[in-house]
Amino acid sequence: RTELYLQSLGMCLVKMNDNENAYVCLDEALRMKTLDCGNDADDDLAEIQRHLGIVWMRKKRFDESLKCFEAALKIKLQIPYCSESEKDHKNLINCLDGALEAVSEVFGTQHLKYARLLHQKGNFHGTKKEHTLAIEAYVETLRIYKGEHGDSHLSVANTLFNLGVSLNAKGSPEKAIRCFAKALRITKARLGDDHLDVADTYEQVAESNKLLLRYNDATSYYEKALNVRKQATGASDLKSAAIMHELGKIHSHEGLWENAERAFKESVRIRTVHLGQDDHLVAESMYNLGLVYKSRSDSAKALKYLEGSLRTIKSKLPSADTQLADNFHSLGGVHSSLGNIDKSVFCYDKAVQIYTEIYGKQNGNVASSLAGKGETLRSDEQYQEALSCFSECLDIRKTVDGPTPAEESGNVMSQMGEIYSQLGDSTNASLSFASALTAYRLIFGTKHQTVADVLQKMSAHFVKVGEFERGYSCVKETLSLQQELLGEDDTRTADSHYCMGTILYEWNNYAEASKCFEKARDIHKEKHGETHLSVANSNFFLGCISERKGDYDSAVQCLQDSLSGRRAHLDEMDHAIADNLARLGHVYYKQSEWDSAVTAFSDCLKIQEATRGTDTGSQVNVADALFDLGTALVKALDTQRSMQLFTDALKEYQRHLDNPKDVKIAKCHSSIGEIYEKTNELSKAVNALEMASVIYENHVGTDPPEKEIRASKKIDAYSGQAETLFRLATAKDRLGEEVIALKQYRKAMRLYKSLFGRDNLHVAKILNRLANMKGRAGSVDKAMVLFDESLRIRMLHLGNNHEDVAETLFGMGIVFEKRRDYGAAMKAYSDCLRIRSSKFGSDSMEVAQVVVNIGVVRGNKGDFSGALKSWNKALSIYRKHGLGDDDALVATVLGHQRLANQLKKRGRNKN
């Protein structure tokens with residue numbers, strides 16, 4: 001009690017500047033205190049020494065003063081949490097200031113002892129987040145050390161390191177990086193590349209880059225820090241676990257889920273080894289690992305780790321703790337993705353309950369959990385309940401935000417817009433998005449990323465409902481903002497390019513759409529790798545565009561890459577995979593790869609049938625898949641099955657489409673008509689094709705002007721009518737109604753030329769038919785002109801070795817025969833034979849057809865032996881295909897042989 005009285009009295013006397021009496025009291029208090037506790041860590045003892053230092057300072061006894069301050073500092077630094085309270089921190093700083101003043105008097109301000117104390121003062125300011133004061137102390141320390149030791153001493157490196165840490169904390173990472181770079185150079189030179197101080201510096205450089213949002217650089221430096229620690233400690237210490245945890249957070253932010261998974265797993269492992277399974281740091285890493293799996297849609301693993309984290313937190317924390325509520329909130333999302341609606345709602349309700357208990361009902365976290373609950377209810381098609389949650393959430397936000405809306409309020413309105421968009425309520429969706437946009441512009445101004453984000457959602461909504469003009473307006477503004485705010489290489493800029501590409505694609509502006517998709521793909525590929533879903537989605541549209549341009553090899557490559565990427569991220573039964581298979585099927589079809597087309601369309605049909613719902617869209621998707629498979633089977637010569645598929649598709653369309661004159665119904669009638677024509681049921685073919693043509697005329701008119709066709713966006717309707725007219729002309733031609741056939745062929749060709757230009761393959765196909773008609777009518781010169789033009793176009797697009805080129809060569813051979821130009825006929829037939837043998841095989845019916853005509857040419861030239869040889873080969877092929885003597889093809893060849901033998905015999909008799 002006496003020593004406490006003397007201590008208090010002495011301190012008061014110091015404040016009163018009564019130094020003599022203060023010294024007497026404090027010196028006696030020091031003697032008594034030392035007898036009681038020796039030199040143990042006692043703050044009263046330290047405070048006595050500090051005040052004695054002040055007394056000696058005032059007496060100009062600087063040596064004695066310094067001893068007292070140093071003794072006080074030594075004691076204080078032995079006391080745990082010596083500067084935790086404001087009072088203790090202030091006393092510690094005062095002690096350091098006293099020591100600094102004493103050192104300056106004894107040794108001067110350039111002495112190393114002054115620098116060490118100043119460095120220590122910077123450290124204590126840093127622990128209390130007084131970063132400006134810490135920086136001032138470090139800068140002065142650095143100046144002294146450099147003056148005494150030069151620029152390459154370890155004390156300079158240590159000071160630069162601490163200065164960098166404070167600059168990071170103060171929000172000046174660029175300056176911090178410069179400090180760390182200098183510190184790193186010195187430390188490596190003095191201690192080697194594998195010293196732990198080097199690892200600590202790498203870690204801080206990573207922190208700087210993270211503050212600058214340079215995540216690639218941050219990752220690189222974290223990994224360098226780990227490599228050094230691996231050399232020194234095996235990278236199995238808690239510091240390495242903390243670095244792995246930070247790496248996991250960066251990888252998660254970048255969407256590099258596999259890397260994030262590895263990092264968090266390693267962090268969990270190391271922390272568990274050192275701290276046990278029930279430590280809160282282990283739970284922290286498990287929680288983040290669960291979020292990684294949640295983001296990767298691996299809900300089962302997400303559930304495992306989030307529930308594991310929850311068990312630890314529940315045992316360590318009180319029932320009303322924010323970490324507990326956060327975990328319930330995240331679990332709500334995972335259960336929702338697993339379809340565990342009741343569990344999801346329970347978790348969100350639990351989060352709401354805990355948040356409400358902590359903060360009250362009018363709280364932002366409560367609102368966020370209500371929003372999550374709304375999303376879950378929406379996924380269960382409980383739309384009104386979902387809207388009720390969102391409305392309650394919005395009411396809370398309005399109270400929380402006050403008259404000026406905050407970002408949270410904008411988020412809620414944006415989410416309500418998405419709900420309304422999903423419900424098909426375009427008006428309320430547009431109003432909600434517009435309200436969110438207004439709020440964001442009030443909060444952030446017109447040039448802010450959040451404004452760009454909601455504009456992106458609006459543009460996606462307008463594209464979804466077919467309001468492409470409004471969608472284009474939104475995405476154009478979005479893209480401009482993304483490029484200005486984020487740069488051209490950001491993934492959100494890529495998403496805007498992608499959205500704009502979808503609109504331009506719908507407008508048939510394929511050149512500009514292709515540029516957009518290529519930019520989107522390249523950015524995502526650079527950021528996430530070639531198999532990322534966004535890369536796959538861009539590749540899908542690029543494949544579609546290549547198909548439209550007739551570049552089928554590129555189309556196949558893009559669509560196959562897209563399919564691989566989507567399969568890596570999506571369920572095998574996902575509709576996006578079905579879309580991919582459908583488009584691949586169409587390209588294979590155009591490449592005449594019928595088996596590949598059948599396989600692709602069959603796989604697509606399996607998905608559509610397996611996921612068929614009760615909605616109209618789902619039913620129509622099944623009908624589309626039935627129709628596509630039917631078209632491929634027609635080419636694969638399975639007319640019976642294709643007829644059944646077209647009939648089934650037609651029934652589905654008629655049952656589920658609102659418009660009985662929909663283009664899809666016309667396509668079915670047209671394809672059914674084509675099969676009837678192939679099976680020689682020509683009257684039925686004409687009836688079906690005329691029904692299709694009438695429907696198409698309802699969409700495009702009977703004789704639209706060329707300018708109107710080119711300006712129209714109804715490409716499918718115009719091209720469908722053109723194909724139907726072509727098929728109708730073919731049927732009429734076979735019925736002997738040549739005048740009508742010619743008229744229909746010309747109408748079809750006019751449509752094709754207006755749509756695709758003079759040099760497209762459809763025009764070549766019609767020219768080929770017209771040439772055949774002219775040839776049969778005896779107009780061989782006109783026929784040859786038409787064949788020449790057809791051949792030119794086909795070789796331009798298909799090269800010299802395509803079966804369509806062979807078809808034209810075959811027709812030309814017939815015309816040359818009629819001209820009695822047997823040399824030219826033989827050349828045309830020979831080229832045709834080469835192509836067909838390569839494409840269909842030497843024993844195919846297509847080859848037999850050519851060989852028969854080659855025999856005729858040889859017979860007409862008097863080479864009866866050569867003719868008989870050709871016909872024997874043709875008969876051999878026919879026999880292999882099961883044709884008997886009563887078949888018309890076989891009978892024709894046998895007739896040729898009899899005539900050739902007779903002529904050959906006559907020739908010998910004459911001789």
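Which residues form one aromatic cluster? Select Tyr498, Tyr505, Tyr510, Phe517, Phe540 and Phe541, and you will have the members of that cluster on screen. Keep in mind throughout the tour that the model you are looking at is a predicted one.

From the cluster, turn to another aromatic pair by selecting Tyr293 and Tyr305, whose ring centres lie 5.7 Å apart; the planes of these two rings meet at 25 degrees, and because planes under 30 degrees apart count as stacked, this pair is stacked. The pair links distant parts of the chain, for Tyr293 belongs to helix α14 (residues 280-295) while Tyr305 belongs to helix α15 (residues 299-316), and the two residues are 12 residues apart. If you display the surface here, Tyr293 will be found to be buried, with a relative accessible area of 1%, and Tyr305, with a relative accessibility of 14%, counts as buried too. The count of aromatic pairs in the model comes to 18.

Next, look for charged side chains placed over rings. Select Phe726 together with Lys765, and you will see that Lys765 lies over the face of the Phe726 ring, at 4.4 Å from its centre. Then select Phe810 with Arg836, where Arg836 lies over the ring face at a distance of 5.2 Å from the ring centre.

Now move to a pair of helices, α4 (residues 62-78) and α6 (residues 112-127), whose axes come within 14 Å of each other and cross at roughly 35 degrees. Viewed as a crossing, the way α4 passes α6 is left-handed. To see what makes the contact, show the side chains of Leu66, Glu70, Leu73 and Leu77 on α4, and those of Lys113, Leu117, Gln120 and Phe124 on α6. Colouring these residues by character will divide them into five nonpolar, one polar and two charged.

The last stop is a single residue in a loop: where is Leu486 found? Leu486 sits in the loop between α23 (468-485) and α24 (491-506), and with a relative accessibility of 28% it counts as partly exposed. Leaving aside residues up to four places away in sequence, you can select Gln449, Leu481, Arg492 and Thr493 to show what Leu486 touches. Finally, draw a line from the C-alpha atom of Leu486 to that of Asp703, which is 217 residues away along the chain, and the separation between these two atoms will come to 51 Å.

Note on methods:
Residues are numbered from 1 along each chain as its sequence is written. This is a predicted model: local features need pLDDT of at least 70, side-chain atom pairs count only at pLDDT 80 or more; totals for chains, interfaces and linings use all residues. Side-chain values use heavy atoms; hydrogens and water are left out. Axes are lines fitted to C-alpha atoms, for helices over the stretch in contact, and angles run from 0 to 180 degrees between N-to-C directions. Helices (H or I, at least four residues) and strands (E, at least two) are DSSP runs, numbered from the N terminus. A crossing is left-handed if the near helix is turned anticlockwise from the far one by less than a right angle, and right-handed if clockwise. Contact means heavy atoms within 4.5 Å. Ala, Val, Leu, Ile, Met, Phe, Trp, Tyr, Cys and Pro count as nonpolar, Asp, Glu, Lys and Arg as charged, and the others, Gly among them, as polar. Rings of Phe, Tyr and Trp (its six-membered ring) pair if their centres lie within 6.5 Å; planes under 30 degrees apart count as stacked, over 60 as edge-to-face and the rest as tilted. Buried means under 20% relative accessible area, exposed over 50%, partly exposed in between (1.4 Å probe, protein chains only). A charge sits over a ring if NZ of Lys or CZ of Arg is within 6 Å of the ring centre and within 35 degrees of the ring normal.
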